[in-house]
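Colleague: Could you take me on a close look at a single chain of this assembly, and then show me how that chain sits among its partners? I would enjoy one connected account.

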Amino acid sequence: MSFSVTEPSARTKWFAGLLVVGYAIVTLIPLLWIIATGFKSPADSIAYPPVVVFEPTLEGYVNLFTDRTRATEGMLEEAGPPTTWYEEIVRERGTVITGPSRYGERFLNSVIIGFGSTALCMLLGTMAAYAFSRFRVPLKDDLLFFILSTRMMPPIAVAIPIFLMFRSLGLNDTHLGMILLYTAVNLSLSVWLLKGFIDEIPIEYEEAALIDGYTRFQAFYKVVLPQAATGIASTAIFCLIFAWNEYAFAVLLTSGNAQTAPPFIPTIIGVAGKDWPAVAAGATIFLVPVMVFTILLRKHLLRGITFGAVRK
Amino acid sequence: MTNHAIESAAKQTPDGLARRIRGLSDRAIAWIFVAPTIILLLAVNIFPLIWTIRLSFTNFRVNRPNKDVEWVGLRNYERILSDSDIWNTMQATAHFLIWTIVLQVLIGFTLAYLINKKFKGNDLWTTIIVFPMMLSPAVVGNFWTFLYQPQIGLFNYAIAFFTGADPASFSMIGDVHLAPWAIVIADTWMWTPFVMLICLAGLRSIPDSIYEAAECDRASKWRQFWTITIPMALPFLMLAVLFRGIENFKMFDLVVQLTGGGPGNTTTLTSIDLKREAFERWRTGYSSAYAVILFVTVFGLASIYVKALNKVKER
Amino acid sequence: MRTKLFTTAGIGAMLAVSVASSAQAEDLTLCWAAWDPANALIELSKDFEAESGHSMSFEFVPWTSFADRMLNELNSGGQLCDLMIGDSQWIGGGAENGHYVKLNDFFDANGITMDDFIPATVTGYAEWPKGTPNYYALPAFGDVVGWTYRKDWFERPELQSEFKDTYGRELGVPASLEELKDIAEFFQGRDIDGTTVYGAAIYTERGSEGITMGVTNALYNYGFEYENPDQPYDIDGFANSEGAVAGLEFYKELYETGTPPGSSNWYMGENIDAYRSGQVAMQMNFAFIWPGVEADANVGSGRSGYFPNPAGPAGQFAQLGGQGISVVAYSEKQDAALEYIQWFAQPEIQAKWWELGGYSALKAVVEDPGFASSQPYAQTFLDSMAIVKDFWAEPAYADLLIPMQERIHNYVVAGEGSAQEALDGLVRDWIEVFEDEGKL
């Protein structure tokens with residue numbers, strides 16, 4: 001790359017890097033602490049004063065994926081000696097495994113609902129954003145503001161009507177219902193962000209395409225979509241993060257069938273009180289898919305709108 | 001990948017359909033593109049909202065199914081607006097809202113500005129900074145109460161390490177003066193990355209050519225920052241503020257898990273108060289009126305703000 | 001081994017259910033809070049599944065959102081739960097709004113009589129209106145607030161002699177709340193084995209019901225009464241009597257002089273954590289935690305002792321917890337749900353319930369000669385169940401609870417106003433609620 005007057009000096013870069021890395025490390029501490037808690041024993045997790053060095057154990061993860069009950073002597077006798085490593089861990093606490101926990105199901109629900117609503121939201125959001133960006137839609141500004149305003153209602157405020165409406169439509173506690181709900185909540189964000197991205201794409205590209213005999217549809221998916229890929233990817237990350245972690249609606253509208261992981265994780269209980277290692281293990285595993293998704297798309301997320309360089 | 005899929009799908013579109021689509025006017029396409037969004041929003045957001053507005057004029061209570069529902073006109077609204085407790089929760093919300101936005105914009109913009117210096121490995125560290133906002137707010141609230149506990153949490157020990165104070169000498173969520181800051185810190189930790197990302201997009205949208213031109217005019221770096229960087233990034237910054245503002249006006253899960261609204265009512269934000277009315281007292285009519293008032297407040301503030309935003313964009 | 005056995009049996013049972021296509025085999029859903037006893041109930045219910053051919057599903061919600069979630073379900077006529085182990089305060093609303101099935105006829109037909117259960121649990125969990133033989137639940141889980149203490153610390157000779165020098169009596173289980181406060185202050189800030197420990201973990205939680213469930217243990221014993229014993233809903237002068245004010249002041253003093261710093265929003269879970277991690281010498285908590293304390297690696301196996309809430313100037317009472325099991329009126333599987341209750345009420349099932357860690361409310365279980373010595377906390381449980389008092393169980397209980405949470409927390413934790421002002425304000429709020437309800 002040739003020398004540019006706008007390229008920061010080496011010292012500036014070094015100093016900027018130092019500050020950013022410093023912030024990143026501080027901000028990581030609570031997160032690392034959560035992850036570390038997942039590998040602590042219950043006693044270490046609430047140690048007073050807190051412990052930084054500890055003997056790691058998988059007890060939290062075993063507890064996360066199993067249901068256990070305190071064993072009576074009769075039950076221990078009947079069960080015989082533990083045969084697997086995880087049974088041994090559980091047995092040390094005087095408990096026996098009674099079956100798998102529902103964490104797996106809840107996790108799967110989160111995947112279906114989170115990714116389903118993100119996909120739908122991207123589809124609808126890109127179409128609407130394109131239309132708002134390129135066409136003379138009557139009352140455009142009002143419609144855009146209307147879309148934004150749907151995000152302003154606190155979930156608690158509309159929860160009762162939504163609950164009643166969903167039940168009469170048979171959507172309560174279903175994946176479809178939650179996908180539609182999260183899509184609706186996220187549409188405002190995606191339309192607004194995507195419109196910004198599409199606005200930045202020079203209209204000349206499409207005009208050239210139209211002259212070449214492309215239809216509007218073809219121009220949209222052959223010219224605009226590839227150009228907007230970066231915007232779509234970073235918007236998708238935001239939508240997924242919201243849908244993945246949403247709590248208030250999930251608590252009120254889902255239960256046995258379509259409950260997602262966020263309302264489930266804090267309910268994990270141990271032999272007495274909250275099982276912090278298992279809660280931390282649940283939170284850690286739950287973080288992985290969004291993390292992977294973000295890391296895969298980070299190029300887009302971080303590049304932002306580099307094609308803004310052609311902005312007039 | 002996606003493009004390829006779309007292309008092949010297009011090839012498989014029957015000729016008749018394709019011709020028909022080709023024949024569509026721009027106006028029709030615009031409607032086809034916008035309609036699904038509008039319909040979904042009408043069904044899932046607006047319909048319940050209208051329902052809520054209707055309920056707000058009644059004395060309906062979900063937990064009194066046998067009681068007759070009466071129209072009470074504006075009585076719910078009068079009761080809310082004359083209730084001094086509600087003004088206290090509004091104050092707590094304003095404190096939370098203003099300080100989270102100020103801190104997140106300052107830190108978020110600074111980070112974006114530094115990252116935009118393109119030092120080596122900047123994308124790796126940026127990705128790391130983004131991690132906190134991927135956690136579930138309910139989980140974050142849970143773990144921050146833990147971090148804030150003077151005996152077993154990390155926060156007091158960290159402060160004690162740097163200041164030499166006794167970790168047991170203060171309690172972030174137990175003190176009426178510190179608790180409002182405890183929720184600001186947790187929210188800032190979690191959501192600064194959001195502001196940072198949008199600011200970064202803004203900064204990267206500024207073409208190098210503008211700086212090059214300024215450099216030719218011998219404008220100082222300081223002057224370039226104020227005359228180019230800030231104005232050009234402003235629409236993005238304002239968008240970030242808008243979204244954080246709306247989100248934090250509705251803030252519920254994180255704070256409820258952290259403090260439960262206490263001590264006293266010092267962190268009882270409007271959403272927490274609203275939830276008590278709607279799901280603990282089950283005063284459905286009353287809480288609907290409360291919700292409508294909140295909605296109108298945000299709506300009003302946001303519409304003024306969006307007008308300003310549009311002006312900035314047109315400049 | 002056992003796991004595999006269970007899984008195979010489980011799958012077998014499920015297959016049997018789907019293949020047999022007999023109309024009787026139902027899938028019942030039981031709703032309860034997500035806590036330790038719930039695990040034990042899953043285990044216990046396996047007998048029912050094997051015996052009846054019905055299969056059981058469970059819906060457990062954490063305590064902090066249990067009421068919101070489940071009452072929303074009931075209020076909207078939901079069919080999620082066939083059986084509900086609802087909180088004791090819900091019984092009024094459950095009965096008056098028709099959420100729960102009235103069980104009198106069913107009890108009569110199946111020879112179940114409420115005389116077989118601990119009287120306090122019948123009043124607390126099953127009856128509405130209170131004191132009348134109208135039953136909407138079967139007592140399922142007895143629970144009451146009591147205290148846990150570090151026996152190993154109490155027994156240290158150097159602490160015992162220092163305590164005796166300071167207070168002129170032995171360091172042991174306190175005979176009164178005043179003595180309990182002395183002990184808490186004695187331990188507050190003390191260095192034990194190199195760490196600073198504190199007096200007692202008490203309930204202070206703001207968001208749901210925590211501080212109310214804690215403060216009442218002081219209020220009752222200093223003379224607080226919900227209403228005039230001779231005239232229902234006559235509150236003024238009873239809930240804010242001189243004794244009530246003294247009780248509230250006591251609780252604030254205990255909070256300020258004998259509890260760990262930062263314990264401003266603590267309920268069951270936080271108290272357990274503080275106790276298990278060795279921060280406190282005593283903890284106030286519901287009895288359900290005691291089996292867990294006994295089994296704990298740090299504080300279990302003889303290192304902990306238990307005592308009922310100590311007496312105050314006006315008597316000795318303890319806050320009632322616990323739940324009854326009800327059949328939800330909106331369920332389409334009521335017959336199968338009733339079958340479950342019939343099965344659950346059997347003495348041998350109740351005995352097994354106690355063995356697994358569930359507090360049975362059946363007299364036959366708790367009056368068994370071996371009961372008191374069966375666990376170190378069994379006698380304390382019995383003594384505590386004999387002195388219980390409960391919060392309002394009116395249909396409007398939530399409207400009564402919210403101002404109590406706010407007034408008490410504002411005074412005790414946030415330090416606003418005086419005890420008299422807090423209780424006077426509470427009385428005004430309560431009168432307003434009862435006027436709205438048309439009961440005044």
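Modeller: Gladly, and let me take chain B. In this predicted model, chain B has 14 helices and zero strands. Following the sequence from start to end, the pattern reads α-α-α-α-α-α-α-α-α-α-α-α-α-α.

What about its overall dimensions? The radius of gyration of chain B is 25 Å, where a compact globule of 315 residues would come near 20 Å. Measuring tape aside, the C-alpha trace of chain B spans about 65 × 65 × 40 Å along its principal axes. Of the 315 residues in chain B, 48% are buried. As for contacts in chain B between residues at least 6 apart in sequence, 71% of them join residues at least 24 apart.

Now to the partners, beginning with chain A. Here 81 residues of chain B are in contact with 86 residues of chain A. On the chain B side, helix H3 (residues 26-55) gives the most, with 16 residues. Sorted by class, the side of chain B that touches chain A holds 55 nonpolar, 13 polar and 13 charged residues.

Chain A itself deserves a moment beside chain B. Its secondary structure comes to 15 helices and two strands. The radius of gyration of chain A is 25 Å, well over the 20 Å that the globule rule gives for 312 residues, so chain A is more spread out than a compact globule. Along the principal axes, the C-alpha atoms of chain A fill a box of roughly 85 × 65 × 35 Å. Buried residues account for 54% of the 312 residues in chain A. Among the contacts in chain A between residues at least 6 apart in sequence, 78% link residues at least 24 apart.

Turning to the other neighbour, 27 residues of chain B are in contact with 27 residues of chain C. The side of chain B that touches chain C divides into eleven nonpolar, twelve polar and four charged residues.

The nonpolar interior ties these pieces into one picture. In soluble globular proteins, nonpolar side chains tend to be buried together. Here the largest nonpolar core has 316 residues, and those touching the most other members are Cys199(B), Leu83(C) and Leu248(C). Within chain B, helix H9 (residues 179-204) gives the most to this core, with 17 residues. From chain C, the core draws at least three residues from each of domain 1 (23-142 + 322-389) and domain 2 (145-319 + 396-436).

Which residues does Cys199(B) touch, not counting residues up to four places away in sequence? They are Gly108(B), Phe109(B), Ala112(B), Ala233(B), Phe236(B), Leu237(B) and Ala240(B).

Since chain C shares that core, its two domains are worth following too. The domain assignment of chain C gives domain 1 (23-142 + 322-389) and domain 2 (145-319 + 396-436). Taken over C-alpha atoms, the centres of domain 1 and domain 2 of chain C are separated by 28 Å. Between them, 19 residues of domain 1 of chain C are in contact with 19 residues of domain 2 of chain C. On the domain 1 side, at least two residues each come from helix H2 (36-52), helix H3 (63-75), helix H18 (378-385) and strand E12 (388-389) of chain C. H18(C) supplies the largest share of that side, four residues. By class, the side of domain 1 of chain C that touches domain 2 of chain C has nine nonpolar, seven polar and three charged residues.

One residue of chain C makes a good final stop. Gln405(C) lies in helix H19 (residues 397-412) of chain C. Is Gln405(C) buried or exposed? Gln405(C) is buried, because 24 other C-beta atoms lie within 10 Å and the cut-off for burial is 20 or more. Leaving aside residues up to four places away in sequence, Gln405(C) touches Arg206(C), Glu209(C), Ile211(C) and Thr212(C). Gln405(C) and Gly370(C) are 35 residues apart in sequence, and their C-alpha atoms are 40 Å apart in space.

Finally, a word on confidence. The predictor gives the complex an ipTM of 0.85 and a pTM of 0.87. For chain C the mean pLDDT is 90, with 95% of its residues at 70 or more. Over residues 1-23 of chain C, however, pLDDT stays under 50, and the model has 17 contacts beyond four places in sequence for that stretch.

Conventions:
Residues are numbered from 1 along each chain as its sequence is written. Chains are lettered from A and ligands numbered from 1 in the order in which they are written. This is a predicted model: local features need pLDDT of at least 70, side-chain atom pairs count only at pLDDT 80 or more; totals for chains, interfaces and linings use all residues. The radius of gyration is taken over C-alpha atoms; the globule rule is 2.2 Å times the number of residues to the power 0.38. A residue is buried if 20 or more other C-beta atoms lie within 10 Å of its own, exposed if 12 or fewer, and partly exposed in between; C-beta atoms are placed from the backbone. Two residues are in contact if their C-beta atoms, placed from the backbone, lie within 7 Å. Ala, Val, Leu, Ile, Met, Phe, Trp, Tyr, Cys and Pro count as nonpolar, Asp, Glu, Lys and Arg as charged, and the others, Gly among them, as polar. A nonpolar core is a set of buried Ala, Val, Leu, Ile, Met, Phe, Trp, Tyr and Cys residues joined through C-beta atoms within 7 Å. Domain bounds come from an automatic or database domain assignment. pLDDT is the predictor's confidence in each residue, from 0 to 100.
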